[in-house]
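Trainee: Before we begin, I should like to examine the terms used for this model and the reasons for applying them.

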Amino acid sequence: MILYILLALLALFLIVILARAVAFKPREETAGEVFEVEVNQERAVESLAMMIRCRTVSSRDRALRDESQFEKFRELLKTRYPLIHKTCTLERIEETGLLYRWSGLKSEEPTVLMAHYDVVPVLEADWEKPPFEGIVEDGVLWGRGTLDTKGTLCGVMEAAEQLIGEGFVPQNDIYLCFAGDEEIAGEGAPAIVSELERRSVKPALVVDEGGAVVENVFPGVSEKCALVGTAEKGMMDLKLAIKAAGGHASAPPPHGPLGKLAQALVNIENKPFPARLSPPVKEMFDTLGRHSSFAMRLVFANLWCFMPVLNAICKKAGGELNAMMRTTFAATMAKGSSASNVLPNEAEIVGNIRIIPGETVESVKDYLKSVVNNEEVSFETLHGMNPSISSDTSSEGWLKLKKAINATWPGALVSPYLMVACSDSRHYCRITDKVMRFSAMELTKEERGYIHGNDERIPVEKIGRTVAFYLRLIKQC
């Protein structure tokens with residue numbers, strides 16, 4: 001009798017999960033308005049090449065930052081985009097912040113289009129082409145900043161200049177906000193936000209760097225996906241340290257400070273943070289999961305029972321999907337003695353932590369203390385910021401962004417996702433819950449690897465597509 005009951009329950013379970021998977025199919029969507037645009041791609045490529053030739057390399061060490069190159073870039077914007085500078089007001093905010101206001105017919109629902117014009121350093125000897133000469137060869141523009149993020153800044157400015165020349169006036173005010181210190185977490189963007197806040201500006205849409213149009217990034221989905229970051233993880237640099245007596249290395253203790261820290265690190269890596277479904281990840285699973293293979297739809301339609309399976313897959317695979325599921329800890333620095341035959345008086349490791357929404361700097365530190373379980377280990381927060389709020393995907397701003405993406409990359413699946421890196425856009429969460437993080441480019445896995453890496457470059461066709469996206473977006477604002 002018990003066996004029959006168990007078999008009946010099993011049959012019921014199978015019927016339920018199969019029925020849910022069958023019903024878990026793509027939602028029907030009405031075809032959006034088609035925004036036909038014309039792009040002067042040759043001009044856009046030339047503009048971006050000129051921007052690349054400005055060596056706007058960020059550094060916290062002012063002696064390593066060439067201020068003349070930053071000024072060269074700002075002067076280039078004035079000469080290259082005369083209609084913008086005639087029509088819009090421009091204010092310098094802090095050292096590097098640029099705040100353009102393009103007045104619309106109304107001011108109640110403004111849009112903010114963001115980018116940063118500073119770039120990370122390069123090892124020029126490791127590049128196939130010079131990183132700051134803006135070389136175009138075989139249909140590809142080479143240079144630091146083509147992807148991060150002079151490419152999108154160029155797209156914004158080219159689109160605005162063209163539309164102003166056509167006599168277009170936006171329905172609402174548009175702010176073009178550019179900082180020159182994003183790569184060092186500088187004060188440009190926070191100061192711009194403070195100024196907008198002082199003026200009681202509440203953006204209906206903010207668009208900054210983030211996701212892109214990509215392929216083969218979601219289990220079981222073959223279509224291209226346009227991933228829009230609707231939240232980003234927090235970040236924390238945490239130092240774990242142990243003090244010791246030091247001494248001669250010929251007579252070491254049974255467990256030295258480096259060994260104890262190594263054990264602490266092993267404990268952390270063997271017990272990852274628990275999985276947590278944040279709002280952006282829930283929406284991503286609900287959006288892209290409906291387009292996945294039937295086997296994966298079984299999982300995503302029935303997370304109430306298959307969450308442990310998904311969690312195990314993510315933990316084993318690592319990578320970005322795992323990072324979207326949990327807070328992560330990456331040991332990045334270590335320090336011991338300054339000599340090979342001297343025991344250290346103090347040993348330390350530094351971990352870079354990316355905090356998932358729902359957790360905080362303090363809750364993360366408490367979790368790590370419990371996992372390490374060694375009172376000799378001290379924990380010092382070197383830098384910490386909590387995760388951003390999650391943006392509203394039922395807003396008009398989201399729909400405008402989605403329409404522009406659909407018209408520019410037909411067939412791409414538009415989905416929210418959790419951005420695991422940090423951007424300047426997090427500061428705007430002080431004044432709006434409609435911050436969308438989308439780099440308007442279609443990027444291969446190889447091209448995504450160029451960001452902050454060697455040989456950063458972009459096919460010229462993709463530069464024109466970026467301009468087209470911004471033309472379509474601005475026309476709705």
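Mentor: Let us start with a definition: a residue is buried when its relative accessible area is under 20%, exposed when that area is over 50%, and partly exposed in between. On that basis, 52% of the 477 residues of the chain count as buried. Please keep in mind that this is a predicted model.

Trainee: What makes the chain as compact as a globular protein of that length?

Mentor: Consider its elements before its size: the secondary structure comes to 15 helices and 17 strands. The radius of gyration of the chain is 25 Å, and the globule rule gives 23 Å for 477 residues; the two values are close, so the chain is as compact as a globular protein of that length. Along the principal axes, the C-alpha atoms fill a box of roughly 75 × 75 × 50 Å.

Trainee: Which share of the contacts with a separation of 6 or more comes from residues 24 or more positions apart?

Mentor: Such residues account for 81% of those contacts. As for the surface, the accessible area of the chain comes to about 21,900 Å², and carbon and sulfur atoms hold 54% of it. The chain carries 54 positive and 63 negative side chains, with the centres of the two sets 4 Å apart.

Trainee: Why is threonine 327 called buried?

Mentor: The relative accessible area of threonine 327 is 2%. The cut-off for buried is under 20%, and threonine 327 is therefore buried. Its place is in the loop between helix H11 (319-323) and strand S11 (328-335).

Trainee: How do you know that the side chains of threonine 327 and glutamate 359 are joined by a polar contact?

Mentor: A polar contact requires a pair of N or O atoms within 3.5 Å, one able to donate a hydrogen and the other to accept it. The contact between these two side chains is 2.4 Å. The side chain of threonine 327 also reaches the backbone nitrogen of isoleucine 356, at 3.1 Å. Leaving aside neighbours within four places in sequence, the residues in contact with threonine 327 include Lys233, Phe273, Arg354 and Val364.

Trainee: What makes helix H6 (188-198) mostly covered?

Mentor: Eight of the eleven residues of H6 are buried. Among them are Gly188, Pro190, Ile192, Glu195 and Leu196. The buried residues of H6 pack against strand S1 (89-93), strand S2 (97-102), strand S3 (106-116) and strand S6 (172-179).

Trainee: Serine 200 follows H6. Why is serine 200 called exposed?

Mentor: The relative accessible area of serine 200 is 58%. Exposed means over 50%, so serine 200 is exposed. Serine 200 lies in the loop between H6 and strand S7 (205-214). Its phi is near 60 degrees, a positive value in a residue other than glycine.

Trainee: Which other residue has a positive phi although it is not a glycine?

Mentor: Histidine 452 has a positive phi of about 70 degrees. The place of histidine 452 is in the loop between helix H14 (445-449) and strand S17 (457-459).

Trainee: How do you know that histidine 452 is partly exposed?

Mentor: The relative accessibility of histidine 452 is 44%. The range for partly exposed lies between 20% and 50%, so histidine 452 is placed in that class. Asparagine 454, found in the loop between H14 and S17, is likewise partly exposed, with a relative accessible area of 37%. Not counting residues up to four places away in sequence, asparagine 454 touches Asp126 and Trp127. The C-alpha atoms of asparagine 454 and arginine 53 are separated by 16 Å, and these residues are 401 residues apart along the chain.

Trainee: Why is cysteine 88 called buried?

Mentor: The relative accessible area of cysteine 88 is 7%. Buried means under 20%, so cysteine 88 is buried. Cysteine 88 has its place in the loop between helix H4 (82-87) and S1. Leaving aside neighbours within four places in sequence, cysteine 88 is in contact with Tyr100, Arg101, Trp102 and Ile164.

Trainee: What is the peptide bond from aspartate 148 to threonine 149?

Mentor: That peptide bond is cis, with omega near -15 degrees. Threonine 149 is placed in the loop between strand S5 (140-142) and helix H5 (150-165).

Definitions and conventions:
Residues numbered from 1 in each chain as written. Predicted model: local features only at pLDDT ≥ 70, side-chain atom pairs only at ≥ 80, totals over all residues. Heavy atoms only, no water. Helix = DSSP H or I, 4+ residues; strand = E, 2+ residues; numbered from the N terminus. Buried < 20%, exposed > 50% of the residue type's maximum accessible area, 1.4 Å probe, protein only. Contact = heavy atoms within 4.5 Å. Rg over C-alpha atoms; globule rule 2.2 N^0.38 Å. Areas by Shrake-Rupley, 256 points an atom, 1.4 Å probe, with all protein chains shown as cover. Lys, Arg positive; Asp, Glu negative; His and termini not counted. Charge placed at Lys NZ, Arg CZ, Asp CG, Glu CD.
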